[in-house]
Amino acid sequence: RTGPIRKGLEYQDVIALEKFAEWIENPNRFEWMKLEADEFHYLDDVVVATTKKELLLCQVKYSVHPDSPADEWSWSDLLAERAGARGQRPSLLKKWFQSWFEVRNTGAFVSVQGRLITNRRAARDLVDCSRPATIAGGMLVDPSRFREAFPSEYKQALEQVAPEPEELLHEFLQSFTFCFDAPDIETLREAARRRLERMSVDEKGWQNLTDTIRRWVANRDLPRMGGMIGLEDIRGAAGWRTLKHLDQGFPIPPDFVLWDQHQHEILLKELASPDGGIKLVLGSPGSGKSSYLSFLYKKLGESHICALRHHYFIERGDPDTYPRLTHERAMESLLYDLLQETHESVEKGENINPTQHNFGHLVRRSAAHFADHDKSLVIIVDGLDHVLRETDRSELLTFLRSLLPLPRGLWLVLGTR
């Protein structure tokens, strides 16, 4: 029967999903991942490299009868060397040690950690010589306890890692975490799904991500040569929104003259405060209000005040004349700039799919970050009258309602005739 094999592969997939969700939640934690990475030999199911140059090698083992006493992991399971078609087959301990040792010796990583993830339980002999690991539910074999409590098994382990010295066995045991009695497939799958849902990954994105994992595992050169997986690959498979910028470069005429230096300086001082609020800049067509708002944006930047802007009108012949009038593109362009200009404030806390539905939430979170540091975020929106004249007023109302009521730390500067 192939049922246990299929379940085992499914278990590997949900462990990978769990790591993918962790990476999306914490974008700066990992550098790359691989699935079934043959170059890591017997610790190849899920391989994770962190941005700190640490490597985690995960091996996943699944049992259809995890509660059976006969399925408990013991020292005899880890040390057993069984006969094979080509002679004696190395034990699990020996295979894992050699896989770990080979990567460790390259010097490419500051640390190399191994991990067994299994729904099976640990037998008493393994528990008795182990201590809790830093990760929840994990345990590490204590070399001293192992040597004292089970001298014959300890000697066997030494013989299996020979000719490497005893110190290396100790280093391996302290670098290898056993995660026994891990949750079942459905529990892990539901936990990963909920984590992704909290980041606004919808059902379509979830299904595509699970399907994509199978494709990546089946083809060692997907998503790219060598099977290396990046954060953007995972986000893309999960339907993460790829934002597009709109040109906001409203030109400041060479003959532009500031209408009132004193009022301008008062406005700059107000916008620097974390109080937040709305400022309305009114002017008849051709009076220079859009030029002033472009000038204001420049001066805010020079004053190290974080500012974003959206012009509903740039110039005649603009290829984005109609798209920039819609609330979707206005939000998308501002979100793009928000992520570029305020990366730290947006990445702090939970990471969320930057869809238009999350526009207000992301802006508020960023504003709260600035307010906590006694600073402000300024959003300049110019040309409201163009929206009312050229399209439906609901476009403007939808945009404004996504920001109102304004939180502390956010200034909204509106320009219209």
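Which residues are linked with Lys-7 in a network of salt bridges? They are Glu-10, Glu-186 and Arg-189. By salt bridge I mean a side-chain nitrogen of Lys or Arg within 4 Å of a carboxyl oxygen of Asp or Glu. Side chains of opposite charge can pair when their charged atoms come close.

Before I go on, two notes on the source. This is a predicted model, where local features need pLDDT of at least 70 and side-chain atom pairs count only at pLDDT 80 or more, while totals for chains, interfaces and linings use all residues. Residues are numbered from 1 along each chain as its sequence is written, and side-chain values use heavy atoms, with hydrogens and water left out.

The structure has 29 salt bridges. I will take three of them.

The pair Arg-121 and Asp-67 has its closest N and O atoms 3.2 Å apart. This salt bridge links distant parts of the chain, with the two positions 54 residues apart in numbering. Arg-121 sits in the loop between strand 6 (111-118) and helix 4 (124-128), and Asp-67 in the loop between strand 3 (54-61) and helix 2 (75-79). Helices (H or I, at least four residues) and strands (E, at least two) are DSSP runs, numbered from the N terminus. For accessibility, buried means under 20% relative accessible area, exposed over 50%, and partly exposed in between, with a 1.4 Å probe and protein chains only. Arg-121, at 34%, is partly exposed, and Asp-67, at 53%, is exposed.

Next, Arg-145 and Asp-142 form a salt bridge at 4.0 Å, N to O. Arg-145 is partly exposed, at 37%, whereas Asp-142 is buried, at 17%.

The last pair is Arg-329 and Glu-332, with 2.8 Å between the closest N and O atoms. Both belong to helix 13 (residues 327-341) and are three residues apart, about one turn of the helix. Are these two residues buried or exposed? Arg-329 and Glu-332 are both buried.

Now to helix 12, residues 289-302. Its 14 residues reach 20 Å from first C-alpha to last, close to the expected 20 Å; the expected span is 1.5 Å times one less than the number of residues. Buried residues in helix 12 include Tyr-292, Leu-293, Phe-295, Leu-296 and Leu-300. What covers the buried residues of this helix? Among the elements in contact (heavy atoms within 4.5 Å) are helix 11 (261-271), strand 10 (277-282), strand 11 (306-311) and helix 16 (384-390). Just after helix 12, His-304 has a positive phi of about 60°.
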